[in-house]
Amino acid sequence: MSVYGTEATVAAEVSIGTAEAQALDDAVATAGDAPSILNTQPWHWRQHGHVLDLALDPARTLAVADPDRRLATVSCGAALHHALVSLAAAGWHTTVIRAPGTGSSDHLATVRVDGRIPIEPESIARLRAVGRRYTDRRPVAGVHLDADKLRPIVAAAASQGSSLLLLRPRQAFGLARAADDAHRTETDGPAWQAELQRWAGGVRPGDTGLPGAVLPPAAAPATVVRRDFGHRGDMLVGEANDRSAAYAILYGDEDQPLDWIRAGEALSAAWLTATEIEVAVLPLSATIEVPASREAVRELLDGAGHPFLVLRFTALDPTAADGPHTPRLSTGQTVERAATDAPTPPSDLPEEDLVHENLDCGDLPELHIPSINEELVHQGECGRVHLPTGDTCTLHRHHDGSCQFVMLSGGQPGR
Ligand SMILES: Cc1cc2nc3c(=O)[nH]c(=O)nc-3n(C[C@H](O)[C@H](O)[C@H](O)COP(=O)(O)O)c2cc1C
């Protein structure tokens, strides 16, 4: 079975207009700018007809730091929100099914573009924020952060179904203790360090991970200790500490993949809002990665829910230049496109055989199409059945030209 599960795999191709195709391309490209744990970019898209399927790419997950794939799923949720921001800014209405239950736990969401909407100025502003957002790990230079500025950020997270708890100073000390413990576990653990070596430091091949240029040269003094990447980075930083930082916990009611997807969407919404109002965000995930520290952070929530990420907020210094940005995979490496034009049907097929060409199983997830041999489709073959004879096309999926029908062994139509 593919990472997209059964129904998505058999969804028929549907022709779409040029503007819609462009919007879907742009959505995938915009999603590529989303933040992700250690810049793993663990998302994979499949575009077919009006639909974008989002899946987690197991090859870009962290077996030691994130065995449950909580943080990878949060990252994919952020990519999903980025894609939706792009589609809204292009004036497309979307229907989203999260955790669509297609039989693959890696299939996280299905986005269907289903009509035009007016383009709102806020949508354009949000898309602009995507281009300006980045992770700034430099110590803060003491610019005062007005607490009122955090309200729209909290509201943005809430609009996506997750919550942000802003920590009072006493709670921040509790967080500092949890971060300290997590830091010790990770720096003393050979497996943790080996995994970090694979993803952080130096010159990065393949446009994933964190190059030395975006890492600070040494841990700066801070109330809540930051991640030790196992490398001394090359980033230029000044002398400062984070006394003017505010800390928050992103959390939700339950601790399931659906909650992690929504947490990622909330992270993206909160971060884009923060960018618009000149607030810098630094995610701190070590306390979530180490189970004992995650439990300590959960206790800070006092029964309100389950923690997904810790965030540091600081005021952007309007006079300072941007810090270094992190590289990205090319769009082509994260998307697979099914042919968008319906293939030319063989002329000898009766009309009823062609009905499936116009169907999209995203509408009818339970649909089993009689003129498609699903078993063959899952094996990467065309699988179209000529109903009157039962002959079946065994060419590869999305092959060019007409089907070539053959009788399968035993003469059983559709096996
Ligand atoms: C779930 C998650 C966890 C993260 N944890 C950390 C962290 O502990 N420390 C850190 O410096 N950055 C952290 N980041 C930021 C990523 O490293 C950053 O998003 C990625 O490198 C891409 O860079 P950009 O945000 O500048 O585009 C995290 C991001 C996400 C989405």
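Author: A residue counts as buried if 20 or more other C-beta atoms lie within 10 Å of its own. Keep that cut-off in mind for strand β2 in this predicted model.

Reader: Which residues of β2 are buried on one side and on the other?
Author: Both faces of the strand are covered. One side holds V51, D53 and A55. The other side holds L52, L54 and L56.

Reader: Why is β2 described as largely enclosed by the rest of the structure?
Author: Strand β2 covers residues 51-56. Its enclosure follows from a count, because the buried residues number six of the six.

Reader: How many bridges join β1 to β2?
Author: Strand β1 spans residues 43-48 and runs antiparallel to β2. One partnership links H44 with A55 of β2. The bridges between β1 and β2 number six.

Reader: In the hairpin of β1 and β2, which residue takes a positive phi?
Author: Two residues lie between the strands of this hairpin. The phi angle in question is near 60°. The residue is G49.

Reader: What stands opposite L52 in β4?
Author: Strand β4 is made of residues 107-116. β2 pairs with β4 in the antiparallel sense, over five bridges. Opposite L52 stands V111.

Reader: Which residues have the most contacts inside the largest nonpolar core?
Author: In soluble globular proteins, nonpolar side chains tend to be buried together. Here the largest nonpolar core has 88 residues. Its largest share, 13 residues, comes from α3. The residues with the most contacts inside this core are L54, A83, L250 and A270.

Reader: Where does this core lie?
Author: Domain 1 takes in 5-131 + 328-337, and domain 2 takes in 140-315. Both give residues to the core, so it lies between domain 1 and domain 2.

Reader: What is L250 in contact with, leaving aside neighbours within four places in sequence?
Author: L250 is one of the core residues with the most contacts. Its partners include A157, S162 and L164. Others among them are A263, A266 and L267. The list also includes F308, L309 and L311.

Reader: Which element gives the most to the shell around the ligand?
Author: α3 (70-89) and β7 (279-284) each supply at least two residues. With four residues, the top contributor is α3.

Reader: Of the residues around the ligand, which come nearest?
Author: The shell has 13 nonpolar, seven polar and two charged residues. Domain 1 and domain 2 both contribute, so the ligand shell lies between them. Of the 22 residues around the ligand, the nearest are P35, N39, Y134, T135 and S285.

Conventions: Residues are numbered from 1 along each chain as its sequence is written. This is a predicted model: local features need pLDDT of at least 70, side-chain atom pairs count only at pLDDT 80 or more; totals for chains, interfaces and linings use all residues. A residue is near a molecule or strand if its C-beta atom, placed from the backbone, lies within 6 Å of it. Ala, Val, Leu, Ile, Met, Phe, Trp, Tyr, Cys and Pro count as nonpolar, Asp, Glu, Lys and Arg as charged, and the others, Gly among them, as polar. Domain bounds come from an automatic or database domain assignment. A nonpolar core is a set of buried Ala, Val, Leu, Ile, Met, Phe, Trp, Tyr and Cys residues joined through C-beta atoms within 7 Å. A residue is buried if 20 or more other C-beta atoms lie within 10 Å of its own, exposed if 12 or fewer, and partly exposed in between; C-beta atoms are placed from the backbone. Two residues are in contact if their C-beta atoms, placed from the backbone, lie within 7 Å. Two strands pair if DSSP finds at least two bridges between them.
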